[in-house]
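This report describes one sheet and the nonpolar cores of a predicted model. The structure is shown first, and the description follows.

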Amino acid sequence: MTDIKKRHIAILGSTGSIGTQAIEVVKAHPDQFAVEVLTTNNNAELLIQQAADLNPNVVVICNEAKYDQVFSALDPLGIKVYAGAKSIASVVQMDTIDMVLTAMVGYAGLLPTIKAIEAGKSIALANKETLVVAGELITKLAAQKGVNIYPVDSEHSAIFQCLVGEFHNPIEKIILTASGGPFRGKSSEFLSTVTKAQALKHPNWTMGAKITIDSATLMNKGLEVIEAKWLFGLTPDQIDVIVHPQSIIHSLVQFEDGSLKAQMGLPDMRLPIQFALGYPNRLPSDFPRFNFLDYPSLTFEKPDVKTFRNLQLAFDALKQGGNAPCIINAANEVAVDAFLHDQVGFLEISEIIESCLTKTTFVQNPTYEDYVRTDDEARRLASERIKSFV
């Protein structure tokens, strides 16, 4: 392996599922990585533990009400403490940072990612909403600044891994695999009565609440379709989705000669995180190894987009272009939060998103300010639609 300088990493969203697993990767390779920045939205207790363990230069607690708690714990250790969302967008520009892992949930990850790219930082992208909301803006800015975006989602990491050594060969299409979530094969009648507890039980992956619900509705796969368009420069017709319940094949690339390449492995987010942080080197790991004899049958089926309408809505928004993906992302965030707070039913999530896609002001060539306005408008309309269900 080629020797590389130790990479100094900012982990945005360090207390979430991706952030905590990223810290496992970092701690397993102290010769490769050092943590420069940790941020969290609200989990002050875990942030304090992580900072005491990793000794970053800076931490940010988004919830300003918890600043005093974090400051009193970490200032004696010589760790700088800031509060508020604007602080995150500032600290990512620090000269001492080499790479920013954006593991924040939802739209909140957009501005910090923009600021990190503007500062020339490499991006390990676990916040798919950044490219869903503003894919054209982000990819243009990254090209202008010469910044590489390394995907952390398991499916996009799989595509990226399949493309290593193939960058000169055009892609015919990509195939994103989906587990199907906990309700694969279920009818609309069944889905009309499912509970939050049922929806939060994913069969293969351990993830945060929002992404777990997105997986159950297939919106997670829809967002990944939109993200893939921007990451790999594809048209909507070059992106397919196949349901693969075992989650062993993480995605595939088909080339112009008809050959397919797949990336396989046990469902473990630490592997794509480590690949993004360590690229171009594959670092050793003690992760469990896949055994074909444990999985004598790998199966595949077509996604049911009539029952799970969110996937079709995502394709529709991608084909419409402009700010349509921003609209569905905002509406989905509000709808999922309402479902998690028992304000709407499972199937009503799709109704809310479709309503917002119809009613929110469409902008064909949005600027950053247009995305901000669109996000605000779609959230307001989604909230109004939710009230009609209560």
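Which residue in E10 does isoleucine 174 stand opposite? The residue is valine 253. On the E9 side, isoleucine 174 has isoleucine 239 as its bridge partner.

**The sheet**

These pairings belong to an open sheet of four strands, ordered E9-E8-E10-E11, with mixed pairing. E9 and E11 (260-264) are the edge strands, each pairing on one side only. From one strand to the next, the twist averages 20°. Two of the pairings are set out below.

| Strands | Sense | Bridges |
|---|---|---|
| E8 (residues 171-178) and E9 | parallel | five bridges |
| E8 and E10 (residues 249-255) | antiparallel | five bridges |

Strand E9 (residues 239-243) has two faces: Ile239, Val241 and Val243 make up the covered one, while Asp240 and Ile242 lie on the uncovered one. Helix H7 (residues 154-163) lies across E8, E10 and E11 and runs at about 40° to E10.

**The cores**

Ile174 also appears in the largest nonpolar core, which holds 91 residues. Together with Leu38, Val59, Val70, Leu101, Val152 and Leu277, Ile174 is among the residues that touch the most other members. Helix H14 (residues 324-340) supplies the largest share of this core, 11 residues. A second core, separate from that one, has 30 residues, including Cys62, Met104, Tyr107 and Leu131.

Leucine 277 can be followed further. Apart from its neighbours within four places in sequence, leucine 277 is in contact with Arg7, Ile9, Val25, Val26, Phe33, Met99 and Ala124.

Definitions and conventions:
Residues are numbered from 1 along each chain as its sequence is written. This is a predicted model: local features need pLDDT of at least 70, side-chain atom pairs count only at pLDDT 80 or more; totals for chains, interfaces and linings use all residues. Side-chain values use heavy atoms; hydrogens and water are left out. A nonpolar core is a set of buried Ala, Val, Leu, Ile, Met, Phe, Trp, Tyr and Cys residues joined through side-chain atoms within 4.5 Å. Buried means under 20% relative accessible area, exposed over 50%, partly exposed in between (1.4 Å probe, protein chains only). Contact means heavy atoms within 4.5 Å. Two strands pair if DSSP finds at least two bridges between them. Axes are lines fitted to C-alpha atoms, for helices over the stretch in contact, and angles run from 0 to 180 degrees between N-to-C directions.
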